[in-house]
Amino acid sequence: MSGTFLGMPSLPVFGIGNLHEHEPFPKAAHRELGNTQLRANLGHATRTIRDKRLAVVSELPDWEELREAGRAIKESVMARLPELLEQFEANFTARGGIIHWARDAGEANRIVAALIRDQGADEVVKVKSMATQEIGLNEYLEEQGIAAFETDLAELIVQLDHDKPSHILVPAIHKNRSQVRDIFLREMEGVDPELTDEPARLAAAARAHLRRKFLSAKVAVSGANFALADSGTLAVVESEGNGRMCLTLPETLITVMGVEKLLPAWEDLEVFMQLLPRSSTGERMNPYTSLWTGVTPDDGPQNVHLVLLDNGRSAALADEMGRSALHCIRCSACMNVCPVYERTGGHAYGSTYPGPIGAILSPLLTGITAEENSSLPYASSLCGACYDACPVKINIPDILVHLRGEDVDSKRGKKRLPSQMDLGMKAASWALSSGKNLGLVEKALPLGRLAAGPDRKITKLPGIAGGWTQSRDIPAPPGLSFRQWWDKEHQAPAAPPAATGTGDAGTEENP
Amino acid sequence: MNARTEILDRIRSALRDAPAVPDVPRDYRRSSALGEEELIELLTDRLLDYKANVFVEEAATVPQRLAALLESTGRYAVPHGLDQALFAEADAHDAGSRRVTDAPGHRLSVEELDGVDAVVTGSAVAVAETGTIILDAGPDQGRRVISLVPDRHICIVRAGEITAILPEALRRLDATRPQTWISGPSATSDIELERVEGVHGPRTLDVVIVRG
Ligand code: SF4
């Protein structure tokens, strides 16, 4: 059990870094929707991975039991986090590893840069890591005059093209092979000018390009998929062997990992290493997994560092309803089943963490009021496919609803200027509160017909309703409301002046 | 306050509702009852699926197999703890002149490893269901780097090392030894999701499974 907390309860301290929407999700999504290549590639990718995943998942008779164990293990990790972190630290340190704690992105970046400088290095090789992307490490190192080389093929493509990843698993899925060839021809030193766009040739070009870097690198930077508290072991799961290169060849290895990645014990790995590859790439097992515990004399890096990162994780943990978002093992299954993600792609979410998990994790890490992240919990139809796919059973729809509530509360509490949504809601409640008011609103209907023009379609609505017309046209409203039509049709010539049933509303414009 | 204290305080504060620590239901499969032949068959099937090459041998035929696999190769590396008798047949042709050994006190440099065509190692344990071979840097497997840099990895898996499922394999391993889990040659699907075998790790994986 974790020790009872006796100090002063502190306010949550949120995270910073690449975790934000810089524009509201609907706006970003609209732009990305215009990217037909992205949509086609993404549709193909999500479908393919989804099918592969289903096939390998249905092979296991005990999939549901594994999910349930995974969920319970992660829940117990969160409940015991302080104790497990201390246990991990003791074990990792006892075997020669060095642990650094970073409150936020800025502190983590400074620690990593200082460690690199200590080695007299001005470049590092990197293996794909969402944590370092979250803290904006590459950009920071560049400012500091340190070159960071991404070595994962997709990350290399994205980095060479000065672009951003669009999918956490296949970050360059928005690029076609011919574009990849063009990027290599343009950006890769000494590349064969006859390079074709065959994926095998492109992979070979990347191999040749990075080989010298791997063999001469003095410092590598990695993330970690798991950390085992009872042994002090770290694990990296990968496919290409660039991870093995980074984790084995340089003298100095710096790993950046969120505090939530712990597992209590060695035997827990048997659960997660069955859940992760099948949920992620749809493989029975990924090609390579590396495990290391501090320093192994005479084998691999002799300076081994780990930066343990908070950056908003403790704030997410403080949200009782939302804390299970920290159970995420970044498999991307929820993205591949999400109808919203399939169409918009990862860029629309702004943050390092896209898709359904990003829609809850980003605002939990940054606070719901940060920049435009309050729009993220609305980037879902609440269909529940993500929950069914999630290997650790994170109830994403429930947390989305919870965060929508937080968003509404925070806007009220902060007495922000009433938003269009608030005004719209107010107007609706006024209109619906009495038949008379509704009648007044209905009188405006012919104005709508004017806005629609001769083709009877409204293509642009102002303000918040504009979001709706950005991707579809709405038919012009009819000239008469139902109630106006009813009155007109049912006006018996000899009816008494005070007709019953329709009340007093809607009669004003009747002759 | 230093970062460590502050982060741990923040986390304790976040948990002031004292959430319950749930029992972990381990109702998933933790053992199996496959015989040696079934295990070999399953492992072979999975490895072939990953585009590895698989050869099932009797103990007595391993030297011939290795000689055949190494025939077209130039120099190859081995860890000091690998039984030299396995190379009796290969040595008959070249008197061991192509073999370089990585041993304590005589470590192969990364450049030397980059200059060899292949590496031959043993393995610690294998998982049939997932087609996974696990190396734990034992004397017949060597340092992690030797099975990484050469472009071809010839890996010897003894039948007794094969388990059916992952939980059985982990029980035989020590977490603190450096481990490499290998499931096929290196691969990527990063370009239009088309799988390409062989990126940075060895592009060819030959697995010699030894019965008995
Ligand atoms: S929320 Fe679940 S499904 Fe989505 S990436 Fe995380 S672990 Fe995978």
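Of the 212 residues in chain B, 58% are buried, a value that, like every other one given here, comes from a predicted model. The secondary structure of chain B consists of six helices and 12 strands, and its C-alpha trace extends over about 75 × 45 × 40 Å along the principal axes. When contacts in chain B with a separation of 6 or more are considered, 71% of them are made by residues 24 or more positions apart. The surface that chain B exposes amounts to about 8100 Å², and carbon and sulfur atoms supply 47% of that area.

Chain A can be described in the same terms. It has 23 helices and 12 strands, and buried residues make up 55% of its 511 residues. Among the contacts in chain A between residues at least 6 apart in sequence, 74% join residues at least 24 apart. The accessible surface of chain A is about 21200 Å², with 56% of it belonging to carbon and sulfur atoms.

Within chain A, helix α8, which covers residues 153-160, deserves a careful look. Seven of its eight residues are buried, so the helix is largely enclosed by the rest of the structure. The buried residues of α8(A) are A:L153, A:A154, A:E155, A:L156, A:I157, A:V158 and A:L160. What do these buried residues pack against? Their partners in chain A are α6 (130-134), β3 (147-150), α9 (177-187) and α10 (199-216), and to these is added β10 of chain B. After α8(A) comes A:H162, whose phi is positive, near 55°.

Another helix of chain A, α7 (residues 137-143), contains A:N138. This asparagine has a relative accessibility of 17%, and because buried means under 20%, A:N138 counts as buried. Once residues up to four places away in sequence are set aside, A:N138 touches A:K126, A:A148, A:E150 and A:Q159. Two of these partners can be placed in elements already met, since A:A148 and A:E150 fall within the range of β3 (147-150), while A:Q159 falls within that of helix α8 (residues 153-160).

The backbone offers further points of detail, which are best read against a general expectation. Most residues other than glycine have a negative phi. In chain A, A:D298 has a phi near 75°, a positive value in a residue other than glycine. Its place is the loop that runs between β9 (288-292) and β10 (303-309) of chain A. Is A:D298 buried, exposed or partly exposed? With a relative accessibility of 42%, A:D298 counts as partly exposed. In chain B, B:L193 likewise has a positive phi, near 60°, and is a residue other than glycine. This leucine is in the loop between β10 (187-188) and β11 (196-197) of chain B, and its relative accessibility of 16% makes B:L193 a buried residue. The strand β10 of chain B, which precedes the loop of B:L193, is also the element of chain B against which the buried residues of α8(A) pack.

Elsewhere in chain B, two loop residues can be read together. B:A124 is found in the loop between β4 (118-121) and β5 (125-127), and B:D136 in the loop between β6 (132-135) and β7 (152-158). B:A124 counts as partly exposed at 24% relative accessibility, whereas B:D136 counts as buried at 13%. Leaving aside neighbours within four places in sequence, B:A124 is in contact with B:I134, B:L135, B:D136, B:Q141, B:E161 and B:L173. One of these partners, B:L135, is 11 residues away along the chain, and its C-alpha atom is separated from that of B:A124 by 5.2 Å. B:D136 in turn touches B:A124, B:Q141, B:L173, B:R177, B:P178 and B:Q179, again not counting residues up to four places away in sequence. B:Q141 and B:L173 therefore appear among the partners of both B:A124 and B:D136, given that contact means heavy atoms within 4.5 Å. The C-alpha atoms of B:D136 and B:R99, which are 37 residues apart along the chain, are separated by 22 Å.

The ligand remains to be placed. It sits in the second largest cavity, where 13 residues surround it, the closest being A:C328, A:C331, A:S332, A:C334 and A:C390. The shell around the ligand divides into 11 nonpolar residues, one polar and one charged.

Note on methods: Residues numbered from 1 in each chain as written. Chains lettered and ligands numbered in written order. Predicted model: local features only at pLDDT ≥ 70, side-chain atom pairs only at ≥ 80, totals over all residues. Heavy atoms only, no water. Near = heavy atom within 4 Å. 1 Å grid on protein atoms, 1.4 Å probe; cavity = no way out; pocket = protein on both sides within 12 Å on 5 of 7 lines; lining within 4 Å. Sits in = over half its atoms within 2 Å of the grid points. Nonpolar A, V, L, I, M, F, W, Y, C, P; charged D, E, K, R; others polar. Helix = DSSP H or I, 4+ residues; strand = E, 2+ residues; numbered from the N terminus. Buried < 20%, exposed > 50% of the residue type's maximum accessible area, 1.4 Å probe, protein only. Areas by Shrake-Rupley, 256 points an atom, 1.4 Å probe, with all protein chains shown as cover.
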